[in-house]
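With the model open in your viewer, please follow the stops below in order, making each selection before reading what is there.

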Amino acid sequence: MSARASETSPGLWTLAWRRLQQDRVGMTALIVVGCYLVVVLLALMGWVAPDWTREVGVNYAPPVFWADDQDETAQPSQAGQALSGPVPLYGLQDPLATELAAIRAQHPGAQEATEVPRRLSLPLGGDKWGHDVLTKVIKGSETSILVGLVAAILATLLGTVMGAVAGYFGRWVDDAFNWLYGVFTAIPYLLLVFAIAAVLQQKGVVTLVLILGLTGWTGVFRLVRAEYLKHKSREYVLAAGAMGASHMRRMFVHILPNTSHVILVQLSQNVVGFIKSEVILSFLGFGVPVDVVSWGSMLNEAQNELILGKWWQLAAAGVAMAILVTAFSMLTDALRDALDPKLKY
Amino acid sequence: MNLTAFLFRRLWQMIPTLLGVVLLVFLLFNWVGGDPAYVLAGKMANPDDIANIRHQLGVDRPLWEQLLIFVSQIVTGDFGNSWATREPVSEIFRTRLGPSLVLLVPMLVLETLVAIVVALTVAALRGSVLDRTLMVTSTVMMSISLLVYIIVGQYVFASLLGWFPVKGWSDHLWRNLTTYAVLPILLGLMVSVAPSVRLYRTFILDEVGQDYVRTARAKGLSERRILLVHVLRNAAIPIVTNVLMGLPALLTGAFLLERFFAIPGIGREIIMAVERSDFPIIKAATVYVAMATLLANLLGDLLYRVLDPRVHFE
């Protein structure tokens, strides 16, 4: 015991990390979330899934594992076959042959439109146009996760600063921010988001992030404000004030680290919430523009495909989202358990 | 302080918040949103048309005058006509409220009942395999998007198996309740029950550790009686509050469910209004739903105080 006394006692984060490592569910969730983030990063760099708009398969190409069950007589793109063979002309002259030759002479370098060989099946199947669903899911994850992450960071930042100011200064400042909080929470979240989406006519990923971020700060605000109310009269803050620390310094250098566990859990919770909101908005067509794919827009397409029995895009987007959200929720729970200072003793 | 005084004070306190909501909605639509005349006039608009529409809408007047118009619209309930269908907005809300309630009220009642029963069961068996399995299941169920439930559910149970109509609505309450609303309600429950179960379980577990439970056990009461009479009564306080505060969240489900199942309710109307930039409907909906939310919160608070004699009306 005496040997240990000289060592510095482990800090909050070290203790939290140790507790998280003990939590098998939490660690699994962390690994799953990490995998998603790696894929998103790779997709962002363009190393995987560079172009989801390429039509690599036949229309509604089934997934590889599913195609085996069906009979092998499925014809490759029939239009392509008919064109590739010699076309019997039955003595007819092509009426446009001379003009075609003239056009070709004018543009000597021009390439003939070639039928790109299309695959009969794709790893996770293809959509209506033959886009690879696997590529789409990766790109969709990139969009949905990035939107959720950036919006959550924005909302958490806003909520933290506002909560800090309100809780620290109290009095009329607190009243003003509380009023704003009351206004924003009086309108159900999705309705507020719909209203803003209706007003802002331009669609875009940035717009989406702004909408979600600017409306989603309320949860963080409430908790951070409560923390600051609690901390502002503690001895260490008063001591810092006596030593001449400015308000800013007391708020963000001294108190903020002591509320960081609350903020981190809220951030994690917000990511999940915003991903869900993004999916709903994009599904309804109020979210990402048409040239961007997200889980929501995939589900929208999949809705019509399912009626034709083409279930793979729905399954891919649904499962990808479900796994991430499950893992993220469990990680949030694990973080909360690991960071709860009450459990320390 | 007595009940009436408390009520009046809380209602009085709601006024600034309501004014804030009105201001927020107003700024959003009349200032951020820019000039709606161009949207309304269409592609082949000439300046006269636009000036005419601007005059009709009142957007050529100063901002403070527009705000007064908006406030008077809220007070009188007369938001004019829908831009898309020319139907009076008040008429739209009056006729669409019924179907929304037919969907939401049974959903709220069933959700509460199912969640309480499941939460009591898992709380009684806390720490057991069943408890942990159910908790994990509920996390997974919460994680699947309501969209996926609806798409798959509608396809499997309505299109494929034909147990329910794919979509539709009738004029008869009973027929709606027993035929058209069944599948939407069940699908809505799939997502809304899980979070409630988790929450109610913690409420119940909070009570289980209390001294009065130990006393009841020491008196020799059965576990069942302790849980169903002693614990449930105390846990009911946060549960009731939560049910009322959860009303707005149900609305989210109603948006999607009404749209998918073509139920002519308020949620579907709002989504269509957003699609068509039908500002009067969205403005009215936002303000009135905010009012309803505030009232629901007040009611929750009130019930909380009535149920729990330890809390005083301050």
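Begin by colouring the two chains separately and selecting the residues where they meet: in this predicted model, 38 residues of chain A are in contact with 42 residues of chain B. Between them the two chains bury about 3,300 Å², and 83% of that area lies on carbon and sulfur atoms.

Stay at this interface and show the side chains of Asp333(A) and Arg198(B), which form a salt bridge whose closest N and O atoms are 2.8 Å apart. Across the interface of chain A and chain B, the rule finds 1 salt bridge, while the count of residue pairs in polar contact between the chains, both residues being at pLDDT 80 or more, is 5.

Now hide chain B for a moment and look at the side of chain A that touches it, where the elements giving two or more residues are α8 (171–186), α9 (189–199), α13 (247–284), α14 (295–307) and α15 (312–339) of chain A. Among these, select α15(A), since the largest share of this side, 9 residues, comes from that helix. If you colour the residues of this side by type, they divide into 28 nonpolar, 8 polar and 2 charged.

Next, bring chain B back and view it alone as a cartoon, in which you should find 14 helices and 0 strands. Along its principal axes, the C-alpha trace of chain B spans about 85 × 60 × 35 Å.

Where does α1(B) bend? Select residues 3–32 of chain B, the 30 residues of helix α1, and follow them from the first C-alpha to the last, a reach of 42 Å that is close to the 44 Å expected at 1.5 Å a residue. The bend, of about 25 degrees, is at Ile15(B), and a proline, Pro16(B), follows within four residues.

For the last stop, return to chain A and select Glu142(A) together with Lys139(A), whose side chains meet in a salt bridge at 3.0 Å, taken from N to O. Both residues lie in helix α7 (residues 133–169) of chain A, where they are 3 residues apart, about one turn of the helix. Should you wish to look for others, the structure holds 11 salt bridges over all chains.

Notes:
Residues numbered from 1 in each chain as written. Chains lettered and ligands numbered in written order. Predicted model: local features only at pLDDT ≥ 70, side-chain atom pairs only at ≥ 80, totals over all residues. Heavy atoms only, no water. Contact = heavy atoms within 4.5 Å. Buried area = accessible area lost by both parts, 1.4 Å probe. Salt bridge = Lys/Arg side-chain N within 4 Å of Asp/Glu carboxyl O. Polar contact = N/O pair within 3.5 Å; in protein donor to acceptor, adjacent residues only side chain to side chain. Nonpolar A, V, L, I, M, F, W, Y, C, P; charged D, E, K, R; others polar. Expected span 1.5 Å × (residues − 1). Bend = angle between axes of the 7 residues up to and from the residue.
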